[in-house]
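User: I would like a close look at one part of this model, with the reasoning spelled out. Please begin with a single residue and then move on to the surroundings of one sheet.

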Amino acid sequence: MDRFDQLLNAIGTLGQGILHIYFVSRLTGKTARLWHFAIYSALLCAVGLAAARLSLGDSLSIAAGVFALYGMERLALGAPPPVAGLAAVLAFYISQLSYGIIDSIELVVFPRFIGRPLLYLLLLIAQPLFFALCVACYRAVLRLLPDAGERQTPYIGLLLFPCLFFFGAELYILQTAYTLILPTVSWTEVGRQTTLLLLQAMGLAAMLCTLYAYRQLCRGFQAESALRSLTQAAQAQKVYIAEARQRYERTKAFRHDIRNHLAVLDGLLGGGRLDEGRAYLKRLETVSGALSFPYQTGNPVVDILLGEKLAQAEGIRAEVSLLLPQPCGIDDFDLCVIFANALDNALAACREVAGARSIRIAGKRQGDFYMLTFENTCPDRPLPPAGVGLSNIRSVAEKYRGAVLTETDGRQFSLNVLLDLSE
């Protein structure tokens, strides 16, 4: 029986190693390689052997396994610390929970077959049932949690403490309520094991409800961020509409008076008053120039937004080297979000600097992608945490399957926004 137990333990350890790596790779959104499974399974075996020889007890051996899995996630998979910690705790909690449920069933059923060959068959059947229960619980957790990209939030750490509580409660149940298989089973023992099953099922349900609440919390934050982005874009659109109306009225007035201007100019030229005619023509050029956009990017919305924002850049040298492709493939609403937030941040940073200040805006097409670059003078200090503006820009970039990169070099800040124009 000892060798049989060793065989079951080896199968259980190997199976748990495979399931743990598969689960944490799915939860963290990282790709698991074959050597990840091999190294982690070897670590679990080493932990088990060390715990048996040193008589460490189940709690210490499980804690060592959790830290081993956490180390694999951080060093091999490259998962961030909060996500890696949560994934390691959940992986071990679910495997211990599944073990406890199967153990309750064994304590009720197996004593009737002690001393019979059928007991070995039942023990072999219990092993795949344990793995099947683990897989079912892992899938339920993965379905309830948000997508991998949404899990990388500063709020993921909030899940660690309730999961640790569920994990600790499960370990306490396993160490205090379960014993070796009894030679006989009384109705009292059956009732006790049924109660333990219900408690563990309730613990699993409580954990799943907690994960569901976290998913709803993430969606709430996403909706709030989207609302802020829409509000800001709507404000930019209002500026565009107001500016467009003003330009329309000025253009309408100029067109109304253009015949009179041409008549005056004709009279001056016809009377041989060339110098006065040239002066009058220059005044007409000045008036007509005021009706055009100060920056020409190929998109009227961006042109108006640049004119409105950079008009506030008093004492700041502004340079625009940008020509948006036509058709652009990017909604004007989203362009407003990018340019309004980037320019607001650039102007705010420049106002904190004394001396020479500058803002540079450039764009370059790279195949199906378009790179927007915003450079500005900034204080020579570490960058503050990303605010709402940069978060809104990042949301637009992700919408177009792009990315955002921020860099600082002394008194120079650079924001690069990559957008996919293929669709």
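Does His36 count as buried or exposed, and why? After that, in which order do the five strands of the open sheet lie?

Analyst: The model is a predicted one, and what follows should be read with that in mind. His36 counts as buried because its relative accessibility is 3%, where buried means under 20%. The residue belongs to helix α2, which spans residues 34-54. Leaving aside residues up to four places away in sequence, His36 is in contact with Ile21, Thr31, Met72, Ala76 and Leu77.

Turning to the sheet, its five strands follow the order β1-β2-β3-β5-β4, and the sheet is open, with mixed pairing. Its edges are formed by β1 (317-321) and β4 (403-409), each of which pairs on one side only. On average, neighbouring strands of this sheet are turned by 15 degrees against each other, direction ignored.

Strand β5, residues 412-420, is a useful place to look in detail. Seven antiparallel bridges pair β5 with β4, and within this pairing Leu405 stands opposite Asn416 of β5. Helix α12 (residues 388-399) packs on the sheet and touches both β4 and β5, its direction making about 25 degrees with that of β5. The two strands β4 and β5 form a hairpin with two residues between them, and in the turn Gly410 has a positive phi of about 70 degrees. Towards β3, β5 is again antiparallel, joined by nine bridges, and Met371 has Leu418 of β5 as its bridge partner. β5 is also mostly covered, since seven of its nine residues are buried.

Asp420 of β5 takes part in a salt bridge with Arg401, in which the closest N and O atoms are 3.2 Å apart. Because Arg401 lies in the loop between α12 and β4 while Asp420 lies in β5, this pair ties together parts that are 19 residues apart in sequence. The two partners are covered to unlike degrees: Asp420 counts as buried because its relative accessible area is 8%, whereas Arg401, at 43%, is partly exposed.

A second salt bridge concerns β3 and β2, with the side chains of Glu375 and Arg360 meeting at 3.6 Å, N to O. This pair links parts of the chain 15 residues apart, Glu375 being in strand β3 and Arg360 in strand β2 (residues 358-366). Glu375 is partly exposed at 25% relative accessibility, and Arg360 is partly exposed as well, with a relative accessible area of 30%. Both residues belong to a network of salt bridges that also includes Arg317 and Glu319.

Strand β3 is also involved in aromatic packing. The model has six aromatic pairs by the rule applied, one of which is the edge-to-face pair of Phe339 and Phe374, at 5.3 Å centre to centre with 75 degrees between the planes. Phe339 sits in helix α11 (residues 332-351) and Phe374 in strand β3 (residues 369-377), so that this contact links distant parts of the chain, 35 residues apart. Both Phe339 and Phe374 are buried.

Helix α11 has a further tie, this time to helix α10: Asp344 forms a salt bridge with Lys309, the closest N and O atoms being 2.9 Å apart. Here, too, the partners lie in separate helices, Asp344 in α11 and Lys309 in α10, 35 residues apart. Lys309 counts as buried at 12% relative accessibility, while Asp344, at 30%, counts as partly exposed. Helix α10 (residues 300-310) is largely enclosed by the rest of the structure, because nine of its eleven residues are buried.

Conventions
Residues numbered from 1 in each chain as written. Predicted model: local features only at pLDDT ≥ 70, side-chain atom pairs only at ≥ 80, totals over all residues. Heavy atoms only, no water. Pairing = 2+ DSSP bridges. Helix = DSSP H or I, 4+ residues; strand = E, 2+ residues; numbered from the N terminus. Axes fitted to C-alpha atoms, helices over the stretch in contact; angles between N-to-C directions. Contact = heavy atoms within 4.5 Å. Buried < 20%, exposed > 50% of the residue type's maximum accessible area, 1.4 Å probe, protein only. Phe/Tyr/Trp six-rings, centres within 6.5 Å; stacked < 30°, edge-to-face > 60°. Salt bridge = Lys/Arg side-chain N within 4 Å of Asp/Glu carboxyl O.
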